[in-house]
Amino acid sequence: MSNGVPNGESTNGSPQRYLSTRGDDYDLSFEDVVLKGLASDGGLYIPEAIPDASNWQSWKDLSFPDLALEVLSLYISPSEIPRDDLKGIIDRSYSTFRAPETTPLKHLHDQLYLLELFHGPTFAFKDVALQFLGNLFEYFLVRRNVGKTGRDRHHLTVVGATSGDTGSAAIYGLRGKKDVSVFITHPKGRVSPIQEAQMTTVLDKNVHNLAVTGTFDDCQDIVKALFADPDINSTLKLGAVNSINWARILAQIVYYFHSYFSLSKASSDFKLGDKVRFVVPTGNFGDVLAGYFALRMGLPIEKLVVATNENDILDRFWKTGKYEKKPATGPEAEGGLPQDGVKAHEEGVKETLSPAMDILVSSNFERLLWFLAYEYAQGAKMDEEWNKKQAGQEVTAWLKQLKSSSGFGPVPKEVHETAKRDFESERVSDSQTVETIKQYFNKIDYVLDPHTAIGVAASLRSIERAGQVPHISLSTAHPAKFAGAVELALKDESGFNFEEKVLPPEFHGLETKEKRVATVENDWKAVRELVKKQVEEELRTEDGN
Ligand SMILES: Cc1ncc(COP(=O)(O)O)c(C=O)c1O
Ligand SMILES: N[C@@H](CCOP(=O)(O)O)C(=O)O
């Protein structure tokens, strides 16, 4: 492969194996990494080799599920999941989508295309991966539990953190599934009313919503602390639905290929092999990381553009080579919207109009860091094992520094240059988000959600730089999920009516339905005790006691 990362053994028949970004956990199967979620050394799982999809052009006419089968088969050996079984899992996962193309591509104007990823059950891009992950968990559990009864059965306790979208998508992917309990933490009062209602109106017995008195980063830290606790992790068999789970990233690779093929059909000027730019509204770096895998597999991507909101740790990394949490000091002179309350928090996270991206530390960035460190290590001309070990050590050192000093860097010049070879970044303020929503409503009568608007605003800047290269901007959520921001932008525009223009029938009356949610303090031990108690209760009910 051109960029130095080893090619996938899975292409020549031997099973793909996985290792941790911190280096101490390696040689794992796909099933192990999906069920474990987070590595025991605290790292994230990555494939030992990125498969080279040299035959990708032959996939051009495949439907979304058939394309998914080809892409996923490069990472999941048939000795782990026979091809027919994998096809069944994939077909079930995408049968719940409302659009026949699963993820349709819409031409906005000129070189700008919008990839609509919100046609799944919860109206957000997370459904693409979480419908699949829910069915994958079910498949592994059914297989593990054949002939077992009672406490001998493998019971998975899923713990997740959400700023709104992962939670509902995970709940819809796992509700009512046997042998799974789901606990989703969200920052109390900091998710949109529709998102809150989507999660808390699901009353299935295996679903538990926990409103944490803190930020999304606090919720994410609680989840990581639970995984790091050997007692609860092994006794309750914890599973992850956040994008720390490799299966989340894997499933998202598919739509980069699919939209590239859609573009080749939509534009007579565009031929297979031509370069494209993808622009991705980014928070936890999971979505854009899937694009990085597509690029490394051979899809002709000229650049991946990381689009952040005012929580801009990633944008600052690409501009400076430093990865630093920076305490917020208040509404910014540039772009702040005082009337909408861009608040500063002691943790440094700002509340913005794109709350799903209000993240201080992007967990998947660690995965990219490993690949950057791996390429850097190659400069020493040692063997592959040495390169992998070096990459693990480098990542561990950076992450330690992030924890102890709230940041690290600048990273070595070569590492920064490698990051800039494949990525660019843009930061979009709240006022620019609002302007973009207005602009597209008035220009083409299309309502963007605020996260998508960040991608579109970044796309316009990128188009100015990149001239004629087509841009695919990822639309990550339906605008009805973020009524506050959409209304703020469009309330005074003529012809705008939220109920008529935006609200899908599925959301009518949602906020008044019966809800179930428990408030918990921002303390991982309090969450641990609650999870233990609830799982015990569920198991006892299943035992019939
Ligand atoms: C609507 C929306 N857009 C963008 C993002 C950012 O995606 P990622 O966290 O994968 O970078 C999220 C949440 O993750 C989201 O819910
Ligand atoms: N924006 C996310 C935050 C969680 O990110 P994940 O992709 O790691 O699950 C959300 O909507 O919950």
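The exercises below work through sheets, a buried lysine, ligand shells and one strand residue of a predicted model. Local features need pLDDT of at least 70 and side-chain atom pairs count only at pLDDT 80 or more, while totals for chains, interfaces and linings use all residues. Residues are numbered from 1 along each chain as its sequence is written, and chains are lettered from A and ligands numbered from 1 in the order in which they are written.

**Exercise 1. Describe the open sheet of five strands and find its edges.**

Step 1. Helices (H or I, at least four residues) and strands (E, at least two) are DSSP runs, numbered from the N terminus. Two strands pair if DSSP finds at least two bridges between them.

Step 2. The strand order is 8-5-6-7-15, and the pairing is parallel.

Step 3. Strand 8 (238-240) and strand 15 (518-520) each have a single partner strand, so one side of each lacks a neighbour in the sheet.

Step 4. On average, neighbouring strands here are turned by 30° against each other, direction ignored. Axes are lines fitted to C-alpha atoms, for helices over the stretch in contact, and angles run from 0 to 180 degrees between N-to-C directions.

Step 5. Within the sheet, strand 6 (residues 180-187) is joined to strand 7 (residues 207-212) by six bridges in the parallel sense. I184 faces N209 of strand 7 across this pairing.

Step 6. Six of the six residues of strand 7 are buried, where buried means that 20 or more other C-beta atoms lie within 10 Å of the residue's own (12 or fewer is exposed, in between is partly exposed; C-beta atoms are placed from the backbone). One face carries V207, N209 and A211, the other H208, L210 and V212.

**Exercise 2. Describe the open sheet of six strands and the helix that packs on it.**

Step 1. The order is 3-4-14-9-10-13, with mixed pairing.

Step 2. Strand 3 (105-109) and strand 13 (423-427) are the edge strands, each pairing on one side only.

Step 3. From one strand to the next the twist averages 25°.

Step 4. Strand 9 (residues 276-281) and strand 14 (residues 471-475) are parallel and share three bridges. F278 stands opposite I472 of strand 14.

Step 5. Helix 9 packs on this sheet and touches strand 3, strand 4 (112-116), strand 9 and strand 14; its direction makes about 55° with that of strand 3. Contact means that two C-beta atoms, placed from the backbone, lie within 7 Å.

Step 6. Helix 9 (246-266) also meets the buried residues of helix 2, as does helix 3 (83-94). Those residues of helix 2 (residues 64-73) are F64, L67, A68, L69, V71 and L72.

**Exercise 3. Place K126 and state why it counts as buried.**

Step 1. UniProt, in an unreviewed entry, lists K126 as "modified residue: N6-(pyridoxal phosphate)lysine". Its positions are given in the numbering used here, feature names are shortened, and annotations may be inferred rather than shown by experiment.

Step 2. K126 belongs to helix 4 (residues 126-144).

Step 3. K126 counts as buried because it has 33 C-beta neighbours inside 10 Å.

Step 4. Apart from neighbours within four places in sequence, K126 contacts D165, T166 and A169.

**Exercise 4. Characterise the shells around ligand 1 and ligand 2.**

Step 1. A residue is near a molecule or strand if its C-beta atom, placed from the backbone, lies within 6 Å of it.

Step 2. Of the 15 residues around ligand 1, D165, N284, G286, A356 and T476 come nearest.

Step 3. The shell of ligand 1 has six nonpolar, seven polar and two charged residues. Here Ala, Val, Leu, Ile, Met, Phe, Trp, Tyr, Cys and Pro count as nonpolar, Asp, Glu, Lys and Arg as charged, and the others, Gly among them, as polar.

Step 4. Residues around ligand 2 include T162, D165, N242, N284 and A356. Helix 5 (residues 165-174) gives the most to this shell, with three residues.

Step 5. The shell of ligand 2 has one nonpolar, ten polar and one charged residue.

**Exercise 5. Locate T308 and list its contacts.**

Step 1. T308 is in strand 10 (residues 301-308).

Step 2. T308 counts as buried because 28 C-beta neighbours lie inside 10 Å.

Step 3. Not counting residues up to four places away in sequence, T308 touches T282, L314, D315, M357, S425 and R427.

Step 4. T308 and R427 are 119 residues apart along the chain, and their C-alpha atoms are separated by 4.8 Å.
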